Amino acid sequence: MMNDALCNYDGRRDEVLVAYLYDDIDPVERDAFERHLPGCVPCRTELAALSDVREGLAAWPEPDVASGVGGRTPRAALRIVDTPQAPVRGWRTFGDAPIWLQAAAAMLVVAASLGVANINLTYSKDGLSVTTGWLRAAPAPVASQAAATPQPAEAASRADLTALEKKLLQEIKAQPVAAASVSSDDEAVLKRVRALVQESERRQQRELALRVAEMARDAQTQRQSDLVRIDRSLGIIQSRTGVEVMRTQQQLNTLAQRVSQQR
Amino acid sequence: MTWTDEELVARSIGGDHDSFNQLILRWERPIYALAYRTIGREEDARDVCQETFLRAFRALPRFRREAKFSSWLYRIALNLCRDWARRQRRTPVVQLPEDVDLMEMAAAAEPSEPIENIVARKDLTRRVEQVMARLPEEQRTAIVLKEYHGLTFQEIADLQGCPLSTVKTRLYQGLSVLRRELARSPGRVA
């Protein structure tokens with residue numbers, strides 16, 4: 001057993017010993033320590049023991065970089081690749097998505113747009129009609145009822161109709177400013193609707209891309225988890241096989257020893 | 001033609017990604033080994049290794065040329081190992097296999113080498129890993145950098161941000177613990 005009390009080395013003995021052990025020492029200090037060593041049993045003993053420790057450390061092999069960094073495909077994971085754009089989550093463009101997804105997204109956008117604009121599509125025996133919530137809805141049932149029920153107006157003479165037309169024209173001419181104002185309001189509303197539809201479309205695309213990216217990430221995580229589980233199972237199977245091999249080897253060794261003893 | 005690290009760094013900064021890939025090829029093995037021996041877990045060491053090069057690539061324009069590229073890389077890797085240990089909130093433990101992989105041993109054995117020697121060597125390796133995992137992080141890192149990466153005491157002091165004498169003391173203490181623990185098992189280091 002080493003006894004440090006017997007060592008009379010002047011200076012930071014432990015530091016010098018380690019520096020000498022690794023041959024990373026100032027030449028002056030080396031000379032001094034080498035002069036000290038022959039007469040100091042504790043230092044010689046400890047130096048030899050620490051050298052043995054270093055041998056033990058050398059038994060710890062370097063990890064296999066092929067299985068560590070690149071996985072089963074060596075050195076595949078660590079490379080810088082030239083790409084025109086920084087990679088983003090999900091698809092780079094919406095056009096990269098599967099066609100069924102694009103179709104679903106288009107349906108969603110259309111539905112959202114109709115909802116925002118409060119547009120109603122109706123298809124009747126009169127044909128397709130489009131109305132929006134921003135404009136006054138036409139009294140369709142009344143109109144259709146009027147069309148279905150014969151009215152006395154149908155029997156009016158051409159002269160009556162001409163008179164009515166003139167009257168209407170006079171009324172229209174009497175209110176030119178109001179008509180222009182209504183037209184201007186409609187355009188503003190339409191612009192607003194278009195803006196809302198576009199905004200809704202953009203939002204829907206963003207949300208859809210996000211959801212799809214999340215789904216892809218979840219699937220990837222699950223896949224990796226499955227692969228790890230499979231790998232572990234294979235490892236266990238290999239270990240069990242190894243144990244059997246070792247037992248067989250031991251039996252063979254025992255048999256060989258017995259045979260040699262019998263001879 | 002073989003470029004120096006510094007030349008490859010300069011070319012990488014100029015936009016030549018192949019040069020950075022050469023740096024990766026040159027340094028991925030030491031960096032992975034450092035991470036593995038510091039952390040003790042293959043999966044996490046792989047992550048640390050990849051993250052090290054990713055951070056180095058991103059920070060390349062800010063790399064100061066007066067430092068060695070390898071030292072800079074080591075520093076990034078050690079910081080990541082430290083972050084990992086902090087996240088784990090426990091002393092890193094070497095992940096050991098549940099059973100000795102005898103198939104691997106048999107494949108690695110010399111034809112004339114007795115199976116007992118192979119088992120003894122594997123056993124020593126396992127015990128070294130176990131004792132190393134129990135050492136304080138500073139001592140373990142100092143031993144790994146000195147023993148397996150051949151860094152000078154001064155380089156380790158720079159990386160660990162401590163005086164030269166502290167590095168030597170850490171090494172001495174760590175090696176002393178290893179000596180004591182390995183001596184407890186029969187037939188090995190006295």
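**Helix α3(A) and the nonpolar core**

The buried residues of α3(A) in this predicted model are C43(A), E46(A), L50(A), V53(A) and L57(A), a residue being buried if 20 or more other C-beta atoms lie within 10 Å of its own, exposed if 12 or fewer, and partly exposed in between, with C-beta atoms placed from the backbone. Because these buried residues cover an arc of only 80° around the axis, they lie on the same side of α3(A); the arc is that of the directions from the helix axis to the C-beta atoms. The face turned away from the buried side carries the exposed residues A48(A), E55(A) and A58(A). Helices are DSSP runs (H or I, at least four residues), numbered from the N terminus.

Local features need pLDDT of at least 70 and side-chain atom pairs pLDDT 80 or more, whereas totals for chains, interfaces and linings use all residues. Residues are numbered from 1 along each chain as its sequence is written, and chains are lettered from A in the order in which they are written.

α3(A) packs against helix α9 (residues 164-183) of chain B at an angle of about 80°, with the axes 9 Å apart; axes are lines fitted to C-alpha atoms over the stretch in contact, and angles run from 0 to 180 degrees between N-to-C directions. The two helices, α3(A) and α9(B), are therefore roughly perpendicular (65 to 115 degrees). A49(A), L50(A), V53(A) and G56(A) make the contact with L175(B), L178(B), R179(B) and L182(B), contact meaning C-beta atoms, placed from the backbone, within 7 Å.

How values were computed. Parallel < 35°, antiparallel > 145°, perpendicular 65-115°, else oblique. Contact = placed C-beta atoms within 7 Å.
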